[in-house]
Number of protein chains: 2
Amino acid sequence: MAKEKLVTAITSMEDDFAQWYTDVVKKAELIDYSSVRGCMILRPNGYAIWENIQKELDRRFKETGVENVYMPMFIPESLLQREKDHVEGFAPEVAWVTHGGNEKLQERLCVRPTSETLFCDLYSNIVQSYRDLPKLYNQWCSVVRWEKTTRPFLRSMEFLWQEGHTAHAMAEEAEERTIQMLNVYADFCEQVLAIPMIKGRKSDKEKFAGAHATYTIEALMHDGKALQSGTSHNFGDGFARAFGIQYTDKDNKLQYVHQTSWGLSTRIIGAVIMVHGDNSGLVLPPKIAPIQAVIVPVMQQKEGVLEKANEVKEKLSKVASVILDDSDKSPGWKFSEHEMRGIPVRVELGPRDIANNQAVLARRDTGEKITVSLDSIAEEVTKLLDDIQNSLLEKARKHRDAHTYTATSMEEFEKTIKETPGFIKAMWCGDEACELEIKEKTGATSRCMPFEQEEISDKCVCCGKKAKTMVYWGKAY
Amino acid sequence: MAKEKLVTAITSMEDDFAQWYTDVVKKAELIDYSSVRGCMILRPNGYAIWENIQKELDRRFKETGVENVYMPMFIPESLLQREKDHVEGFAPEVAWVTHGGNEKLQERLCVRPTSETLFCDLYSNIVQSYRDLPKLYNQWCSVVRWEKTTRPFLRSMEFLWQEGHTAHAMAEEAEERTIQMLNVYADFCEQVLAIPMIKGRKSDKEKFAGAHATYTIEALMHDGKALQSGTSHNFGDGFARAFGIQYTDKDNKLQYVHQTSWGLSTRIIGAVIMVHGDNSGLVLPPKIAPIQAVIVPVMQQKEGVLEKANEVKEKLSKVASVILDDSDKSPGWKFSEHEMRGIPVRVELGPRDIANNQAVLARRDTGEKITVSLDSIAEEVTKLLDDIQNSLLEKARKHRDAHTYTATSMEEFEKTIKETPGFIKAMWCGDEACELEIKEKTGATSRCMPFEQEEISDKCVCCGKKAKTMVYWGKAY
């Protein structure tokens, strides 16, 4: 006997976006809370998405010559303190190990919040000559930041990420690498996660502790808030001077290296949820979905139904990642469950379909159903997955563009951010005082100075003085 | 101009095996020491081996239904203390986090030495009914154990591993899974790492803290010492009772689950080094080698040599992972360097070879050279890689068998372990006192009670009382 259970409805996005988000994360079984405050458990549905992200990004990194390494998770306090800005930025939010076994340590160790200092320490040992450069290292690991308030994926005490750290002979090479990796992130997000990105540079106020310049990719969520989705930093020779990373150049002169670092974390899964999700739950772009199609047999107890369903599974497994749900739940329950998990395509197959040599394909993104012949089902599913991938990107781009506004005065700025949340493009004089004033008045921060500039006006939206640059502003996660 | 450098010779195995090991690890650039005592840096050559191990093992796990997750790296002290034997085993060797940012924590957190307690905590929340079972979770992560003395790969404060944790309805299923995963490890080690394994059960003295039974795979290193290479534990319902992990069975009765855990770590890379390595450095089995073949052009400045070398690279890249070393070092230097790194096949190609439409293939394992036609070079390299893989396993098995002895008296035992280090098969009464006495007299520990039993005699080798089981003994890393 089927044990009937109805999928509990989730809060609707329109009623309470934050609650909708938490509901989806829990009901799609992406994460679970743990006994450790602020630390989350990535359950199989959530971790499988991260595995796909890793696979795709790792391949792209390696194509640019990057090699993977693994560095210790502990940083001695004295090493963390070597670069002044860096320690100021991170020391207040690290976890400290003070005891090993039953003994008190002579020097405290922090659990890495990021690993610049460790990579610098390594590079100072292994870089001697220009022949040793560039070093293009990356690691996949977890890092810890002692956050007060946490939210699944978006902000947690421990999170998974990758951190690339490179060292170059010339300043220009470091700048090129910084931009190159930002482009790798942006392309990956657009092509695989179907999330369009604004690429730009952070203001000095928003840049990374110790960086000469920080570049960012920024996405717009369904609720009109921005999410910083990946960053790439050019350190110039600041860390090299603090850590003494020098090489002998071709003329036998001692020079400092120029360094970069760049990172993308499980936070991006939060973006996938908040860009594509709907009131039935998660919606996964096919290229990142651990399961791309689920076959749900209808009246599976009838002779021949499961047999045919298995045949179809066999066929589809050649073109997609597919499962057959032959559990003893009702088809309706299965529909809801797989929608909640965001599986892009559902294949419905019952006795009548089989008699007509056909199946029904339901798209997760639009709910649309089409009937296809079993002879060409592999081709149809392939086409549909492509279609879904493209239209998710298209939809996200339209949503973002429709929620990107301009403002030439503070009144307009304040009204817009209040009434129609989204990105605001507005001019800025470059003065941090204006950034602070805008934040105080509107809650919006400068997201980035985009590479693609427009001249909205010639005056700073805040102080009215001569504008230097156009900035994307927004409330951010 | 070529900058000539000779590869510094490494200590020979015969002179000082421990120093040889350290030399190989450093010279092959597998690891580097870090500023954190006892923590090692996995450099690209070392991490790439671990990536291949992960890829192969992960696929094998998933074929048995295992799913990956990620659990927090911190365990609250109270959670670690929940299972009595477990906390006794691990508490003396954990790192304690006592401060977050500038605040003292209300409860200390330990950095996970292993994650049984976290998985139990999760299972107690998500397992309700027999329908929720089995849970077959695994994670790839790093763990920390506060070791006094450390050695690269073999024993370090932080190391990378995978830990599988499963929960089952029935006791038999847990036992089956424990043995199944031990077999996955043993097959992987033999087929991929070319290391033959003895499978067996640990004595009570040697079993895991909190386990009902621990199974192990044991390998013999070149110097006659044993290395525990992977373990699989059956917990029975001990942890389930401590953590209250219960499910309702089909008759609506509340039952405790039965659990297992199993782990394999970067330690296994130490085994690869110590089983296959020689006085020229690392020797990697082709199936785990990040680079399987290196093309070294001879007189590369001559017209057409590099062009042909690139053609050969193109051909070989279809059947193997291949690089072309066209750096400005001398061929002799390149030979030494790639031998040190353990690359299985070297392809030598000079003007005379090209004129004869041939190349020379040199095997890393035997040093043997063969001349092959460029027309069939892809097939020849494929065959050679297969050959090397098989003969490495064969050689390791012969070495192990030749260094496996029997002893029926303590005199014989002591003489053997002193004069011809290796495994000793000897009978045991089952009494821990004899285990302790043997260890004290000989330095050897009971490695395992092998699944394949032989009756060497009917008396315990130590006390002479009636023997219960045959045990493999040895000095161990």
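The legends below describe several views of a predicted model with chains A and B.

Residues are numbered from 1 along each chain as its sequence is written, and chains are lettered from A in the order in which they are written. Because the model is predicted, local features need pLDDT of at least 70 and side-chain atom pairs count only at pLDDT 80 or more, whereas totals for chains, interfaces and linings use all residues.

**View 1. Chain A as a whole, with the confidence of the prediction.**
The pLDDT (the predictor's confidence in each residue, from 0 to 100) has a mean of 96 over chain A, and 98% of the residues of chain A reach 70 or more. Over residues 1–6 of chain A, however, the pLDDT is below 50, and beyond near neighbours in sequence this stretch has 8 contacts in the model, a contact being a pair of residues whose C-beta atoms, placed from the backbone, lie within 7 Å. Where pLDDT is low, the predicted coordinates should not be read in detail. For the complex, the predictor gives an ipTM of 0.95 and a pTM of 0.96.

**View 2. The fold of chain A.**
Chain A has 14 helices and 23 strands, which are DSSP runs numbered from the N terminus (helices H or I, at least four residues; strands E, at least two). Its radius of gyration is 25 Å, close to the 23 Å that the globule rule gives for 477 residues, so chain A is as compact as a globular protein of that length; the radius is taken over C-alpha atoms, and the rule is 2.2 Å times the number of residues to the power 0.38. Along the principal axes, the C-alpha atoms of chain A fill a box of roughly 80 × 60 × 50 Å. Buried residues make up 51% of the 477 residues in chain A, where buried stands for 20 or more other C-beta atoms within 10 Å of a residue's own, exposed for 12 or fewer, and partly exposed for the range in between, with C-beta atoms placed from the backbone. Among contacts in chain A between residues at least 6 apart in sequence, 68% join residues at least 24 apart.

**View 3. The two copies and their rotation axis.**
A turn of 180° with a shift of 0.0 Å along the axis lays chain B on chain A with an RMSD of 0.0 Å, and that is the relation of a two-fold axis. The superposition is by least squares on the C-alpha atoms of residues with pLDDT of at least 70 in both copies. Of the residues of chain B, B:Val97 comes closest to the rotation axis, with its C-alpha at 2.1 Å.

**View 4. The side of chain B that touches chain A.**
In the interface, 43 residues of chain B are in contact with 43 residues of chain A. The elements of chain B that give two or more residues to this side include α2 (44–63), β5 (95–100), β6 (103–111) and β8 (158–168), and β5(B) gives the most, with 6 residues. By class, this side of chain B has 26 nonpolar, 10 polar and 7 charged residues; Ala, Val, Leu, Ile, Met, Phe, Trp, Tyr, Cys and Pro count as nonpolar, Asp, Glu, Lys and Arg as charged, and the others, Gly among them, as polar. Because 100% of the interface residues of chain B are also interface residues in chain A, the copies meet through the same surface.

**View 5. Strand pairing within chain A and across the interface.**
Strands pair if DSSP finds at least two bridges between them. Strand β4 (residues 74–76) of chain A is joined by 3 bridges to strand β6 (residues 103–111) of chain A, and the two run antiparallel; here A:Pro76 has A:Leu109 as its bridge partner in β6(A). Strand β5 (residues 95–100) of chain A is also antiparallel to β6(A), with 4 bridges, and A:Trp96 has A:Cys110 as its partner there. The hairpin of β5(A) and β6(A) has 2 residues between the strands, and A:Gly101 takes a positive phi near 60° in this hairpin. Across the interface, 5 bridges join β5(A) to β5(B) in an antiparallel arrangement, in which A:Gly100 stands opposite B:Ala95.

**View 6. Backbone details in the loops.**
Most residues other than glycine have a negative phi, and most peptide bonds are trans. The bond from A:Leu133 to A:Pro134 is cis, with omega near -5°, and A:Pro134 lies in the loop between α5 (116–126) and β7 (135–144) of chain A. In chain B, a cis peptide bond joins B:Leu133 and B:Pro134, with omega about -5°. A:Glu29 has a positive phi near 55° and is partly exposed, with 16 other C-beta atoms within 10 Å. B:Phe153, in the loop between β7 and β8 of chain B, has a positive phi near 70° and is buried, with 26 other C-beta atoms within 10 Å.

Technical notes:
Contact = placed C-beta atoms within 7 Å.
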